[in-house]
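Visitor: I would like a close look at one part of this model, and at what surrounds it. Please keep it brisk and give the cut-offs as you go.

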Amino acid sequence: MAQEVPKNKDESLNLKITCKSHVKPEKKIGRKECQLVTFDLPYLAFYYNQKILFYKGDGDFEGMVKKLKDGLSIVLEEFHQLAGKIGKDEEGVFKVEYDDDMEGVEVTEAVLGDEIGVADLTVAESTEILKELIPYSGVLNLEGMHRPLLAIQLTKLKDGLAMGCAFNHAVLDGTSTWHFMSSWAEICSGSPSTSTSPFLDRTKARNTRVKLDLSLPEPKGQPNGDAKPEPKLREKIFKFSESTIDKIKSTVNENSSLDSSKPFSTFQALSTHIWHHVTHARNLKPEDYTVFTVFVDCRKRVNPPMPEAYFGNLIQAIFTVTAAGLLLAQPPQFGASLIQKAIVAHNAKAIDERNKEWESSPKIFQFKDAGVNCVAVGSSPRFKVYDINFGWGNPENVRSGTNNKFDGMIYLYPGKNGGRSIDVELTLEPEAMGRLEQDKEFLMEV
């Protein structure tokens with residue numbers, strides 16, 4: 001049986017940092033720079049994007065760490081932007097820059113008490129422990145002007161390793177994150193080179209030079225009588241099997257007569273299922289608005305299309321809104337149709353108009369500006385996160401850290417068992433989460 005791990009902040013975790021170092025590209029590559037473009041800039045006021053992967057190990061933690069660092073120094077030759085910093089040119093345009101004298105990627109090595117193993121940390125509900133296994137909690141991407149753009153914490157567990165990663169979200173999105181991770185794993189597994197090199201010229205997607213006057217906010221902890229405490233949230237993973245996903249999808253497609261010209265995708269069907277049941281769990285008034293937000297990959301939507309290996313952010317948030325009462329009273333096809341229409345409408349013309357509007361009056365979003373009573377999806381089950389094998393097997397569990405999470409934020413991952421199974425990592429206020437956990441229709445237990 002899994003060990004009970006401490007849940008309260010004041011309970012000792014017994015985490016010991018044993019080493020801090022930096023890893024740079026193995027070869028000298030000289031000075032390189034590339035401006036951050038319109039697709040990147042809105043994320044400067046988001047936090048570093050945190051992921052954690054758990055691996056079973058053979059007991060040779062030092063050997064695993066050496067292999068990871070050696071592989072990292074090789075893969076960073078191609079992905080050198082992650083070993084750089086955010087800079088600004090003389091006109092105030094942000095850029096990502098690399099030079100051989102920069103410190104590179106931060107790697108922290110740590111040990112967790114002998115009694116905690118992988119199974120103790122792959123539980124459904126997020127705990128305070130997880131926060132201590134991933135670096136850069138509460139660190140804004142803008143701080144990448146003075147900090148590494150990638151920080152990694154490798155923590156020794158009783159029977160394996162926890163790999164906590166913090167990526168600067170102003171520099172790359174989820175597609176690029178997992179491209180980097182799979183490339184790093186390829187090198188560590190003995191491949192002489194990566195199968196797909198990153199496409200590093202962001203200006204091919206957008207080359208407008210946008211000047212921003214941005215500075216870091218005051219440090220937290222300043223005396224301010226008006227400051228509201230952050231609401232306490234719960235984070236939990238709900239696992240939907242392949243058969244459950246198929247059932248949700250077929251149900252939505254059964255009576256899709258709502259002028260939908262094409263069937264609803266798995267994503268649209270599952271999104272509607274979650275949106276409906278989260279809205280129900282929130283006990284909203286019928287007239288309250290609820291927003292569904294999805295961060296869409298624009299690589300194949302822009303004109304000309306960009307390669308899948310485009311390295312950077314090439315995503316945009318799209319929104320659809322309705323009244324809670326309407327969403328709950330209608331069959332699931334209603335919500336699915338709203339989501340489908342919003343996604344289909346986001347073509348090259350819409351992307352270009354959004355960019356022009358932003359460039360004429362730049363707004364730096366906060367991570368929680370996703371809309372009222374919102375359900376927001378920020379990851380894709382298409383990312384092959386359970387294929388990230390560094391030479392000692394696939395991960396036992398993959399999840400996100402606490403950065404950029406707010407009430408209604410969702411990360412979708414493929415299920416560990418493969419096929420069409422999907423893990424839904426959901427953040428909600430405790431009362432709504434409690435009601436959702438009891439909702440048999442949401443869990444598909446009816």
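**A helix pair, then a buried glutamine**

Guide: Helix 5 and helix 6 are roughly perpendicular to each other. Angles of 65 to 115 degrees earn that label, under 35 counts as roughly parallel, over 145 as roughly antiparallel, and the rest as oblique. This is a predicted model, in which local features need pLDDT of at least 70, side-chain atom pairs count only at pLDDT 80 or more, and totals for chains, interfaces and linings use all residues. Residues are numbered from 1 along each chain as its sequence is written, and side-chain values use heavy atoms, without hydrogens or water.

Helix 5 covers residues 242-254 and helix 6 residues 266-281. Helices (H or I, at least four residues) and strands (E, at least two) are DSSP runs, numbered from the N terminus. The two axes come within 9 Å and cross at roughly 90 degrees. Axes are lines fitted to C-alpha atoms, for helices over the stretch in contact; angles run from 0 to 180 degrees between N-to-C directions. On the helix 5 side, Ile-245, Ile-248, Lys-249 and Val-252 make the meeting. Their counterparts in helix 6 are Thr-266, Ala-269, Leu-270 and His-273. Contact here means heavy atoms within 4.5 Å.

Now the glutamine. Gln-153 sits in strand 7, residues 150-157. Gln-153 is buried, at 6% relative accessible area. Buried means under 20%, exposed over 50%, and partly exposed in between (1.4 Å probe, protein chains only). The Gln-153 side chain reaches the backbone oxygen of Glu-132 at 3.0 Å. A second polar contact, of 3.1 Å, joins the side chains of Gln-153 and Thr-155. A polar contact is a pair of N or O atoms within 3.5 Å; within protein, one must be able to donate a hydrogen and the other to accept it, and residues adjacent in sequence count only if both atoms are side-chain atoms. Beyond four places in sequence, Gln-153 also touches other residues, including Leu-15, Thr-108, Ala-110 and Met-163.

Strand 7 belongs to an open sheet of 6 strands, ordered 1-6-7-8-3-13, with mixed pairing. Strand 1 (16-23) and strand 13 are the edges; each has a single partner strand, so one side of each lacks a neighbour in the sheet. Neighbouring strands are turned by 15 degrees against each other on average, direction ignored. Two strands pair if DSSP finds at least two bridges between them. Strand 7 and strand 8 (residues 160-167) pair in the antiparallel sense over 8 bridges. Across that pairing, Gln-153 stands opposite Gly-164 in strand 8. Helix 4 (residues 174-188) packs on this sheet, touching strand 3 (49-56), strand 7, strand 8 and strand 13. The direction of helix 4 makes about 140 degrees with that of strand 8.

Last, the cysteines. The count is 0 disulfides, where a disulfide is a pair of cysteine sulfur atoms within 2.5 Å. Cys-165 is buried, at 1% relative accessible area. The closest cysteine sulfur to that of Cys-165 is in Cys-188, 12 Å away, too far for a bond. Cys-34 is buried at 12% relative accessibility. The closest cysteine sulfur to that of Cys-34 lies in Cys-298, 18 Å away, so the gap is too far for a bond.
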